[in-house]
Amino acid sequence: MTKPILSIRDLTVEIPTRHGILRPVDGVSYDITAGEILGVVGESGAGKSMAGNAVIGLLSPPAHISKGEIHVNGRRVDQLQGDAMRKLRGKEIGMVFQDPLTSLNPLLRIGDQLTETMLAHLDISRAEADKRAVAALEEVGIPGAAERVGSYPHEFSGGMRQRVVIALALCAEPSLIIADEPTTALDVSVQAQIIALLKRLCRDRGTAVMLITHDMGVIAEAADRVAVMYAGKLAELGPVRDVLTAPLHPYTDGLMGSTPLASRGKARLHQIPGAMPRLDALPPGCAFSPRCPKVQAVCRQDPGPHIEDGAGRAACFFPLSREEVA
Amino acid sequence: MLAYVIQRVAQSALVLLVVGLVAFSMFRFVGDPIDNMLGQERTQADIDRLRVVLGLDQPFVVQYYKFLESAVQGNFGVSYRQGRPVSEILMERAPATLELAAVSGFLAISLGIALGVFTAIRRNGFAANAIMSVSLIGVSLPTFLIGILLIYLFSVELGWLPSFGRGETVKIGGWSTGFLTESGLKALILPSITLGLYQMTLIMRLVRSEMLEVLRQDYIRFARARGLKERAVNFHHALKNTLVPVITVTGLQLGSIIAFAIITETVFQWPGVGLLFINAIQFVDIPVMAAYLMLISVMFVGINLIVDLLYFAIDPRLRADRTGGH
């Protein structure tokens, strides 16, 4: 395997509150290599976005990284402060947010937002930045890019704005993109275009992508590997085919069972009983144990071992075997 | 754009007409000017004659119409008390008020915005909290009390600054300015602080709360995620987005700085139009009162018009009526 662009080891994010310390991200480890798209899935509050924010150093206080390491391009970044961290953002790590309608400053022309970002990171002239801004818009498929650089965000549709956001995230040529629910706020037809665009740009440039979403369809469409998060912990990690068709962790299995598939016909959707526990009321042992169909006494005491199966791994005492599911 | 301006000017004219009408109907209740104008030795014949000469025997609608007729020709009548044309008296007094208002308006806007941004960025800092607490005094103390306190401290106890008047003035054309002499500048300090303090704290608190609101927005997070410098994020991206509401309030406040200079002018015996107005009320000098009220409403209406045009300059979304969008 090539050297990873992003390497997270035992990452833990803590939020001190009056009622004790919450851990929205708890001991998470994964790598993303160049040109690879890692899908990060989970329910709301599972810690997917929090992990992304930790990587780019945008956790809002009092949330902070309490343990673990983050390496980008072989350099440790979780301890960088102030200006050193700022130089990393945009230059080495780009970020795409969920809502393109609110991600762009309404009062500034998109061309100016692009050049401003490039000039902050690249040693180029104003004229060169102007030229590259047009090229960046062309690359993300904005028709008439040369005229549209002078437009304001409100003059674009939602899908076009997300293209602008992607152009902004990529304009200083970062080696890692964190896409936090990039298609959630968009129409289904536009979603597919945006995913295809992200995929194409990252393949072409060899950019590593952390694709955070709760949409299994997006994962199946775009991701090479999948990380499934549950209550701050990594439940399962593996190649997208394995995780979707033959999951190891009972939670992943339940998640797949609750995704509508055309092949399953009109059968009633499976539903995982209960809800994900709140972070201040986690059960001892495995966080999924109260809802798990395969739960045993040991699960309620111990979070479970990390088991490996081929390219995949999961945190469970009683993983489903590949055969059982298939 | 032009159609909008014309529409607004027409509206403004209507507002002025109504203000004049309301003012005129109220003058009937402030007392009888004839009482003050004729001495003790008056006869009923004198009173009746003067009443006819001044046109006060006519219904107020007719008086109002006559006032309008001459006002549009720049003729505001003759002061009952001073026996000189009102426009001449106003021209003589206006520079004092306008200079005072300009200095306190400048103080209020520049300090208000600077402190507002500072207290928003250093939200939890000691200095910011201290400024916020002190600003409560500015908001809650009445203007005349601040003026008297300042006079007590700087004129009576310390003896640094004059307690009343404009100091020496220099005539430039028809304009008498206090900016060019040392005593004129010294005399400006206390009144302009007194007049501007309330507006300054108001603008500061408004800028602060707007900034805090804007700093939470996605586009600010996105600007940070692109690695822009903190200064660019705060001043270029955030401050610009706070300006629309700030300009609205600031515009109204500038109007009231001129209008409510009355109190400050009374405390400091500042020879401006406010003091003129107070004296006119005591004497029931209707032409002066009417002209003053019209002058103030012209300023309010004019400032509001400018404010509306500034919106267009700042927020491109308001210019969108032709390009589609909203």
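The exercises below work through a structure of two chains, first chain A, then the contact between the chains, then chain B.

The structure is a predicted model, in which local features need pLDDT of at least 70 and side-chain atom pairs count only at pLDDT 80 or more, while totals for chains, interfaces and linings use all residues. Residues are numbered from 1 along each chain as its sequence is written, and chains are lettered from A and ligands numbered from 1 in the order in which they are written.

**Exercise 1.** Describe the overall build of chain A.

Solution. Begin with the secondary structure, which comes to twelve helices and twelve strands; helices (H or I, at least four residues) and strands (E, at least two) are DSSP runs numbered from the N terminus. Next take the extent: along the principal axes, the C-alpha atoms of chain A fill a box of roughly 65 × 50 × 40 Å. Then turn to the radius of gyration, taken over C-alpha atoms and compared with a globule rule of 2.2 Å times the number of residues to the power 0.38. Chain A has 21 Å, which agrees with the value near 20 Å that a compact globule of 326 residues would have. Finally, buried residues make up 46% of the 326 residues in chain A, where buried stands for 20 or more other C-beta atoms within 10 Å of the residue's own, exposed for 12 or fewer and partly exposed for anything in between, with C-beta atoms placed from the backbone.

**Exercise 2.** Find the edges of the open four-strand sheet in chain A.

Solution. First write down the strand order, which is S2-S1-S4-S5 (chain A) with antiparallel pairing; two strands pair if DSSP finds at least two bridges between them. Strand S2 (20–33) and strand S5 (75–76) of chain A each have a single partner strand, so they stand at the edges and one side of each is left without a neighbour in the sheet. Now look at one of these edges, where strand S4 (residues 64–72) of chain A is joined to S5(A) by two bridges, and where Val72(A) stands opposite Arg75(A).

**Exercise 3.** Trace the pairings of strand S12 (residues 312–315) of chain A.

Solution. One partner is strand S10 (residues 233–239) of chain A, which pairs with S12(A) in the antiparallel sense over two bridges, with Glu236(A) opposite Ala314(A). Another is strand S11 (residues 306–309) of chain A, also antiparallel to S12(A), over four bridges, with Glu308(A) opposite Arg313(A). S11(A) and S12(A) form a hairpin with two residues between the strands, in which Gly310(A) takes a positive phi near 65 degrees.

**Exercise 4.** Characterise the side of chain B that touches chain A.

Solution. Start with the count: 24 residues of chain B are in contact with 25 residues of chain A, contact being defined by C-beta atoms, placed from the backbone, that lie within 7 Å. Helix H9 (218–225) and helix H10 (230–259) of chain B each supply at least two residues of this side, and H9(B) gives the most, with seven residues. By type, the residues of this side divide into nine nonpolar, seven polar and eight charged (nonpolar: Ala, Val, Leu, Ile, Met, Phe, Trp, Tyr, Cys and Pro; charged: Asp, Glu, Lys and Arg; polar: the others, Gly among them).

**Exercise 5.** Place Leu305(B) within chain B.

Solution. Take the chain as a whole to begin with: chain B has 13 helices and two strands, and 35% of its 326 residues count as buried. Leu305(B) lies in helix H13 (residues 286–314) of chain B, and is partly exposed because 16 other C-beta atoms lie within 10 Å. Leaving aside neighbours within four places in sequence, Leu305(B) is in contact with Arg8(B) and Ser12(B).

Terms used
Contact = placed C-beta atoms within 7 Å.
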